[in-house]
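Biologist: I am new to this structure, so please choose a single part of it for a close look, and then show me, step by step, how that part is joined to what surrounds it.

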Amino acid sequence: MKTIAELIAEHAFFEGLAESELTFLAGCAKNVHFDAGTRILAEGDEANTFYVIRTGKVALGYFQPERGNVVIETLRGGDVLGWSWLFEPYRWHFDADAAEPVSAMAFDGACLRSKCETDPRLCYQMTQRFAKVMMERLQATRLRLLDIYGPPGSR
Amino acid sequence: MVLLAAADPTVEVMTPVLYRVLSRARETADTVTLELEPVGEALAVPAPGQFNMMYSLGVGEVPISVSGWSGDGRILHTVRAVGAISEALCGLQPGGLVGLRGPFGTTWGAEKAVGGDVVVVAGGIGLAPLRPAVNELIVHRDRYRRAALLVGARSPEEIIFTEELAGWRSDAVIEVMVTVDAATTEWKGDVGVVTTLFDRLSLDPEVTTALVCGPEIMMRFAAAGLMARGVSAERVIVSMERSMQCGIGRCGHCQLGPYFICTDGPVFPWSEMAPLLARREL
């Protein structure tokens with residue numbers, strides 16, 4: 001069985017980080033498991049963690065009184081869950097539920113934020129990685145706004 | 001005035017052949033699949049990717065891809081009601097009559113992918129023209145390495161061929177992934193745009209062929225996503241839709257740059273389409 005340090009070192013999200021940075025991240029991380037149906041993040045709660053999903057599926061969504069729980073995105077193995085820990089007011093904007101049994105690495109975001117105060121290189125590296133995730137999700141959201149499956153003609 | 005003789009092949013190809021609706025299956029709120037049988041002589045057997053001109057009697061004619069066929073002349077067309085003609089076609093009931101001309105156009109040419117990986121990417125009703133290619137892929141599965149079908153739709157209610165998709169998934173002959181733009185928690189599939197599924201594929205881009213069909217904007221982003229992962233534009237195959245009318249390259253309604261979509265297409269490599277679609281004048 002691999003150690004969490006090995007799992008972090010192998011993951012594409014952390015590629016390019018220095019050995020010392022990987023070691024620090026491993027010290028902030030732990031393996032977690034969620035049964036299907038478990039709420040992982042709740043809208044409005046304090047955001048002090050981010051997750052790298054190893055296996056399973058997470059449904060990001062929100063509750064609308066007239067529609068119930070609406071899923072806006074699903075994340076799977078390899079995906080990163082949670083960026084609100086990086087930005088004030090450090091509160092989750094959406095709910096995240098385990099749609100299937102989920103295994104993940106959980107990182108202590110509060111610990112990372114403190115480290116960032118004294119380690120600008122690590123801060124830059126992490127911010128750059130999260131910015132890429134956010135850009136990809138923004139692009140995917142824009143595609144959905146374009147209604148890309150809509151009918152092309154009117155005959 | 002010169003009258004065309006009945007023996008003129010143009011007359012023959014421009015004359016609809018009568019088919020009867022054998023069955024009608026509702027796919028979504030605005031889409032039905034019609035199973036048609038010839039009243040008299042049948043059209044030639046189509047190849048995956050080709051289309052017929054469907055004539056709603058007394059209303060008008062539209063190009064509709066062939067979504068399936070059987071050896072005895074029966075043919076399947078999946079039609080989405082987006083205008084007067086397609087609405088009339090969708091309204092046909094068993095026993096109703098329709099005129100068909102065809103089959104027209106080029107084919108998916110999946111045989112060119114033999115020995116490599118194949119990914120089929122469908123958006124919305126774009127799964128209909130791809131269905132024969134998927135079935136062919138399944139029949140000849142041993143000729144390819146990895147094979148995957150990625151389907152995107154607005155919502156779970158707008159996915160077509162749901163039973164067939166479930167069958168393909170449970171048979172596990174090819175990998176099947178379905179994603180929608182938004183859903184309630186009742187939906188057990190993925191939520192996100194179809195291009196987000198590319199990251200879950202383990203394909204070798206050097207030998208991957210992608211068959212892509214959907215609205216033009218979806219194909220554009222799918223092609224960009226595949227090329228970003230190393231698939232060459234020559235191996236991204238798309239099916240274009242323009243205002244095909246004659247089906248034989250005479251009327252020019254479907255011209256796109258140097259091509260007539262009805263005869264040079266509708267199936268093209270993305271390398272040929274990308275420069276044309278980037279020009280606003282076209």
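**The barrel of chain B and its surroundings**

Modeller: In chain B, six strands close into a barrel in the order E1-E2-E5-E4-E3-E6, and their pairing is antiparallel; two strands pair if DSSP finds at least two bridges between them, and the elements themselves are DSSP runs numbered from the N terminus, with at least four residues for a helix (H or I) and at least two for a strand (E). From one strand to the next the twist averages 45°, where axes are lines fitted to C-alpha atoms, for helices over the stretch in contact, and angles run from 0 to 180 degrees between N-to-C directions. Please keep in mind that this is a predicted model, in which local features need pLDDT of at least 70 and side-chain atom pairs count only at pLDDT 80 or more, while totals for chains, interfaces and linings use all residues. Residues are numbered from 1 along each chain as its sequence is written, and chains are lettered from A and ligands numbered from 1 in the order in which they are written.

One pair of strands shows how the barrel is held together: E1(B) and strand E2 (residues 31-38) of chain B run antiparallel and are joined by eight bridges, with Ala25(B) standing opposite Thr33(B) in E2(B). Against the sheet packs helix H3 (residues 127-139) of chain B, which touches E4 and E5 of chain B and whose direction makes about 30° with that of E4(B).

A single residue of the barrel is worth following. Tyr55(B) has its place in strand E3 of chain B, and Tyr55(B) counts as buried because 22 C-beta neighbours lie inside 10 Å; a residue is buried if 20 or more other C-beta atoms lie within 10 Å of its own, exposed if 12 or fewer, and partly exposed in between, with C-beta atoms placed from the backbone. Leaving aside its neighbours within four places in sequence, Tyr55(B) is in contact with Pro16(B), Glu61(B), Val98(B) and Gly99(B), contact meaning that the C-beta atoms of two residues, placed from the backbone, lie within 7 Å. From C-alpha to C-alpha, Tyr55(B) and Gly95(B) are 15 Å apart in space, with their positions 40 residues apart in sequence.

Turning to the domains, chain B is assigned domain 1 (9-103) and domain 2 (110-277), bounds that come from an automatic or database domain assignment. The C-alpha centres of the two domains lie 22 Å apart, and the contact between them takes 19 residues from domain 1 and 18 residues from domain 2. On the side of domain 1 that touches domain 2, the elements giving two or more residues are helix H1 (9-14), strand E1 (17-28), strand E3 (51-56), strand E4 (60-69), strand E5 (75-80) and strand E6 (97-104) of chain B, and E4(B) has the largest share, five residues. That side divides into eight nonpolar, eight polar and three charged residues, where Ala, Val, Leu, Ile, Met, Phe, Trp, Tyr, Cys and Pro count as nonpolar, Asp, Glu, Lys and Arg as charged, and the others, Gly among them, as polar.

The domains also share an interior. The largest nonpolar core has 114 residues, and those with the most contacts inside it are Val58(A), Val120(B), Val212(B) and Val238(B). Both domains of chain B give residues to this core, so it lies between them; a nonpolar core here is a set of buried Ala, Val, Leu, Ile, Met, Phe, Trp, Tyr and Cys residues joined through C-beta atoms within 7 Å. Beyond its neighbours within four places in sequence, Val120(B) is in contact with Leu130(B), Ala133(B), Val134(B), Leu149(B), Leu150(B) and Leu211(B).

Chain A completes the surroundings. The contact between the chains takes 31 residues from chain B and 22 residues from chain A, and H5(B) gives the most to the side of chain B that touches chain A, with four residues. This side of chain B divides into 13 nonpolar, 11 polar and seven charged residues. Strand pairing crosses the boundary as well, since two bridges join strand E5 (residues 68-76) of chain A to E10(B) in an antiparallel run, and Val71(A) stands opposite Ala183(B) in E10(B). Chain A itself has four helices and eight strands, and 28% of its 155 residues count as buried.
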